[in-house]
Amino acid sequence: MNFDFATHIDRRQHPTKKWQQYDDDVLPLWIADMDFPSPPAVINALRARVDHGVFGYGGVPERLRQTLCDWSQHHYDWSIEADWQIWVPGVVPALNLAALAFSEPGQGVLTATPIYPPFLGVADNTGREAQTFALAEPETAADTWQLDVAALEAAIRPNTRVLLWCHPHNPTGRVWTPTALRQLGELAQRHDLIVVSDELHCDLILDPTQPHRPLGRVCPELAERLVTLWAPSKTFNIAGLSAACAIIADETLRRRFQRAASGLLPSVNVLGLSAAEAAYGEGEAWRQALLGVLRDNLALLQDHAAQWPDVSMSTPEATYLAWLDLRRSSLGMEAQQRLLAEARVALSDGADFGWPGFVRLNFGMPRGWLEEALQRLDRLLKA
Ligand SMILES: Cc1ncc(COP(=O)(O)O)c(C=O)c1O
């Protein structure tokens, strides 16, 4: 079946963060959503739900729970159960709730940088102590970002309670190896941490040699201290429909999470639930086609980046995000602002991820727009 990944859809027809943050002549490659329409199966399911015409309080369909169990078994060989699933309106609210549920005010919430900025806001939002450690940067272009186990261990203090982990990793696109996950798991056990594994990007694997392995499958012994966060929102481009899932095997942990959510989180929007069910249940052919498009887009980006002598980029193994190091370039720490002002391309500023001098580039867009953006960047970055 042919799917449309080429049409330039005018997203300014509706209020759209990505396209309205900057002037109209700017090409936006910043916030993490894609400019593709969602899978036809999702659009049809939404149409059918809208045609029903009644939108009172809903509930999580048993079929959705079962569909996610099947998805997990089929793609990740991880057996999860229907009642482990707590559907929530977003992954970020779940990160914050986990801090509230599993730590006391003033205790430490630890995360590795660089990192998707809302991770860095969790401690402040919840009155906890922000604790960070740095990932090990690639030493050569062929190298990848690594978990620095010694840095992680050194960052764990007596008051550290919650470790927020991102797998696959935004912004580097790294899929963590079983070895790294086991090392992390061992430290979490030894220091009695609750681990929140944000696996939102797990269905967007670009490098087939680096399959996603859920932390909960690699380290089953973490079950009593693990919250896994999944959502169809990135993969099927339905972030605006607000449906995500916290997967918690341990009943006590689950109850604590639910208590923290109670009265604060609304139930999930009925349209988001219909979209999620269609995405996981019928979206696989579309997802496979999407992965082909994203791999081609990444190859195009790499062709251009190879001609940018002062820019390094380690190849993302997952996501539609690339993390570029411009610290050696003449644009320096102002790279994001200069590229916006002079190339009219909006990227995300590494400073927001805890690493100034880097930018994050979102290549989840039709090839025509990506080509245009890369040509604009060439003018500033090419030798
Ligand atoms: C790792 C990660 N977690 C969470 C989110 C946001 O999730 P939500 O919109 O469900 O809050 C993003 C969005 O880019 C993300 O990359």
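Where along the chain is P171 found? I will begin there, because that residue sits in the loop between β5 and α7, the helix of residues 178-190, and then step back to the whole. Please keep in mind throughout that what we are looking at is a predicted model.P171 has a partner worth pointing out, since a cis peptide bond joins N170 and P171, with omega about 25°. A second case comes earlier in the chain, where T113 and P114 are joined by a cis peptide bond whose omega is about 0°. P114, for its part, is found in the loop between β3, residues 108-113, and α5.

Let me now turn to the overall picture. The protein chain has 13 helices and 13 strands. Its radius of gyration is 20 Å, close to the 21 Å that the globule rule gives for 383 residues, so the chain is as compact as a globular protein of that length. If you follow the C-alpha trace along its principal axes, the spans are about 60 × 55 × 35 Å. Of the 383 residues, 48% count as buried. As for the contacts with a separation of 6 or more, 74% of them are between residues 24 or more positions apart.

Next, I would like to go through three pairs of helices. Two packed helices are described by the angle between their axes and the distance between the axes, and I will give both for each pair.

The pair I take up to begin with is α4, residues 91-102, and α5, residues 117-126, whose axes come within 9 Å and cross at roughly 40°. The two helices are therefore oblique to each other, and α4 passes α5 in a right-handed crossing. On the α4 side the residues that meet the partner are V92, L95, N96, A99 and L100, while on the α5 side they are P118, F119, V122, A123, N125 and T126. Sorted by class, the residues of this contact of α4 with α5 divide into 8 nonpolar, 3 polar and no charged.

The next pair is α3, residues 62-76, with α10, residues 270-282, and here the axes come within 9 Å and cross at roughly 35°. This crossing of α3 and α10 is left-handed. From α3 the contact takes R63, L64, T67, L68 and W71, and from α10 it takes L273, A276, E277, Y280 and G281. By class, the contact of α3 with α10 has 6 nonpolar, 2 polar and 2 charged residues.

That leaves α12, residues 335-343, and α13, residues 367-381, with axes that come within 10 Å and cross at roughly 110°. At that angle α12 is roughly perpendicular to α13, and the crossing of α12 and α13 is right-handed. L339, E342 and A343 of α12 make the contact together with R376, L377, R379 and L380 of α13. The residues of this contact of α12 with α13 divide into 4 nonpolar, no polar and 3 charged.

From the helices I move to a few single residues in loops. Which residues is I156 in contact with, once its neighbours within four places in sequence are left aside? They are L110, L187 and H191. I156 itself lies in the loop between α6, residues 149-155, and β5, residues 160-166. With 19 C-beta neighbours inside 10 Å, I156 counts as partly exposed, a residue being buried if 20 or more other C-beta atoms lie within 10 Å of its own. The C-alpha atoms of I156 and F133, which are 23 residues apart along the chain, are separated by 9.1 Å.

Two further loop residues deserve a look for their backbone angles. D192 is in the loop between α7 and β6, residues 194-198, and its phi is near 55°, a positive value in a residue other than glycine. Is D192 buried or exposed? With 10 other C-beta atoms within 10 Å, D192 is exposed.

The other is S242, which has a positive phi of about 50° although it is not a glycine. Its place is in the loop between β7, residues 226-230, and β8, residues 244-247. S242 is partly exposed, with 19 other C-beta atoms within 10 Å.

Definitions and conventions. Residues are numbered from 1 along each chain as its sequence is written. This is a predicted model: local features need pLDDT of at least 70, side-chain atom pairs count only at pLDDT 80 or more; totals for chains, interfaces and linings use all residues. Helices (H or I, at least four residues) and strands (E, at least two) are DSSP runs, numbered from the N terminus. The radius of gyration is taken over C-alpha atoms; the globule rule is 2.2 Å times the number of residues to the power 0.38. A residue is buried if 20 or more other C-beta atoms lie within 10 Å of its own, exposed if 12 or fewer, and partly exposed in between; C-beta atoms are placed from the backbone. Two residues are in contact if their C-beta atoms, placed from the backbone, lie within 7 Å. Axes are lines fitted to C-alpha atoms, for helices over the stretch in contact, and angles run from 0 to 180 degrees between N-to-C directions. Angles under 35 degrees count as roughly parallel, over 145 as roughly antiparallel, 65 to 115 as roughly perpendicular and the rest as oblique. A crossing is left-handed if the near helix is turned anticlockwise from the far one by less than a right angle, and right-handed if clockwise. Ala, Val, Leu, Ile, Met, Phe, Trp, Tyr, Cys and Pro count as nonpolar, Asp, Glu, Lys and Arg as charged, and the others, Gly among them, as polar.
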